[in-house]
Amino acid sequence: MAFEIGVLKIRVGIGYDVHALVEGRQLILGGVEVPYERGLLGHSDADVLIHALMDALLGALALGDIGAHFPDRDPRYSGISSLFLLERVVELIENHGYCVGNIDSIIVAERPKFAPFIPQMRINLARALKIEVENVSVKATTTERLGFEGRSEGIGAQVIVNLEKVNP
C-alpha cells in the first residue's frame, strides 16, 4: 500500500511468524539470547521476531517473503543469525530507495517473560534497521493459556512497518 503525503511516499508492511518450542535449542528473539529450557525450531536461529520483521519489510515493497530470499533448503542459512539476514533485507530496501520509518511489534508467548530483554531487542533492531531506538516498539503478551502459544508449544510474532521514500 502506498500513500502520497505531500512529496513523501510511504509504504506499509505487516509480518507474522511462528516457530515451535523444542528442547536442545537456544531461544533467540530480537537478536537476544533469552535464558529458557527450550528454544525455537528452525533452519536459521529461528528468531521469530526478526522473521516477522523481515516479512513486513519485504511485503511493504512487494518483494516476496523471507523464504524466497533465504530458502530453508539452502545450507548457507543453516543456523545463521537472523540479525545478519535482517541487515541484508535492509540493504535491499535501501537499494529500492527506501528507509525504515518505524516498526511496531508484538511477541506472543505464555512463557518465558520477555520484559527484561526488550530494551536490548530494541537496540539490536534499531542498529540493524539504521534507525533510532525510539522508532522501534517491541511488546510482549500472552494468550491467557489459549492456543499453541498459551500451551507453550511455540512463540509467535507480528510486526507492522512503514517505509519512507528516501528521494521522493
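Hi everyone, this is a short walk through one protein chain, from its overall build to a few local details.

First, some ground rules: this is a predicted model, so local features need pLDDT of at least 70, side-chain atom pairs count only at pLDDT 80 or more, and totals for chains, interfaces and linings use all residues. Residues are numbered from 1 along each chain as its sequence is written, and side-chain values use heavy atoms, with hydrogens and water left out.

Let's start with the whole chain. It has five helices and eight strands; these are DSSP runs, numbered from the N terminus, with helices being H or I of at least four residues and strands being E of at least two. Along the sequence the order is β-β-β-β-β-α-α-α-β-α-β-α-β. The C-alpha atoms fit in a box of roughly 50 × 35 × 25 Å along the principal axes. The radius of gyration is 16 Å, which agrees with the value near 15 Å for a compact globule of 168 residues. That radius is taken over C-alpha atoms, and the globule rule is 2.2 Å times the number of residues to the power 0.38.

How much of the chain is buried? Of the 168 residues, 48% count as buried. Here buried means under 20% relative accessible area, exposed means over 50%, and partly exposed is in between, using a 1.4 Å probe and protein chains only. As for contacts (heavy atoms within 4.5 Å), take those with a separation of 6 or more: 70% of them join residues 24 or more positions apart.

Leu57 is a nice place to look at the inside. This residue sits in helix 1 and is buried, at 0% relative accessible area. Leaving out residues up to four places away in sequence, Leu57 touches Leu86, Val89, Ile93, Val100, Leu129, Val161 and Leu163. Leu57 and Ile160 are 103 residues apart in sequence, yet their C-alpha atoms are 8.4 Å apart in space.

Now to helix 4, residues 118-129. Its twelve residues reach 16 Å from the first C-alpha to the last, close to the expected 16 Å at 1.5 Å a residue; the expected span is 1.5 Å times one less than the number of residues. Which residues of helix 4 are buried? They are Ile118, Met121, Asn124, Leu125, Ala126, Ala128 and Leu129. Their cover includes strand 3 (27-29), strand 4 (32-34), helix 1 (48-60), helix 3 (82-95), strand 6 (98-108) and strand 7 (136-141).

Let's stay with helix 3 as a partner. Two packed helices are described by the angle between their axes and the distance between the axes. For helix 3 and helix 4, the axes come within 9 Å and cross at roughly 35°. Those axes are lines fitted to C-alpha atoms, for helices over the stretch in contact, with angles from 0 to 180 degrees between N-to-C directions. On the helix 3 side, Leu83, Leu86, Glu87 and Val90 meet Asn124, Leu125, Ala128 and Leu129 of helix 4. These contact residues divide into six nonpolar, one polar and one charged. For that split, Ala, Val, Leu, Ile, Met, Phe, Trp, Tyr, Cys and Pro count as nonpolar, Asp, Glu, Lys and Arg as charged, and the others, Gly among them, as polar.

On to charges. The whole structure holds six salt bridges, each a side-chain nitrogen of Lys or Arg within 4 Å of a carboxyl oxygen of Asp or Glu. One of them joins Arg88 and Glu91, at 2.8 Å from N to O. Both lie in helix 3, three residues apart, about one turn of the helix. Another joins Lys130 and Glu94, with the closest N and O atoms 3.1 Å apart. Lys130 is in the loop between helix 4 and strand 7 and Glu94 is in helix 3, so this pair ties together parts 36 residues apart in sequence. Lys130 is exposed at 55%, while Glu94 is partly exposed at 34%.

Finally, the backbone. Most residues other than glycine have a negative phi, and most peptide bonds are trans. Lys130, just after helix 4, has a positive phi of about 65°. Ala46 also has a positive phi of about 65°; this residue lies in the loop between strand 5 (39-40) and helix 1, and is buried at 0%. And which peptide bond is cis? The one from Arg111 to Pro112, with omega near -5°; Pro112 lies in the loop between strand 6 and helix 4.

Thanks for listening!
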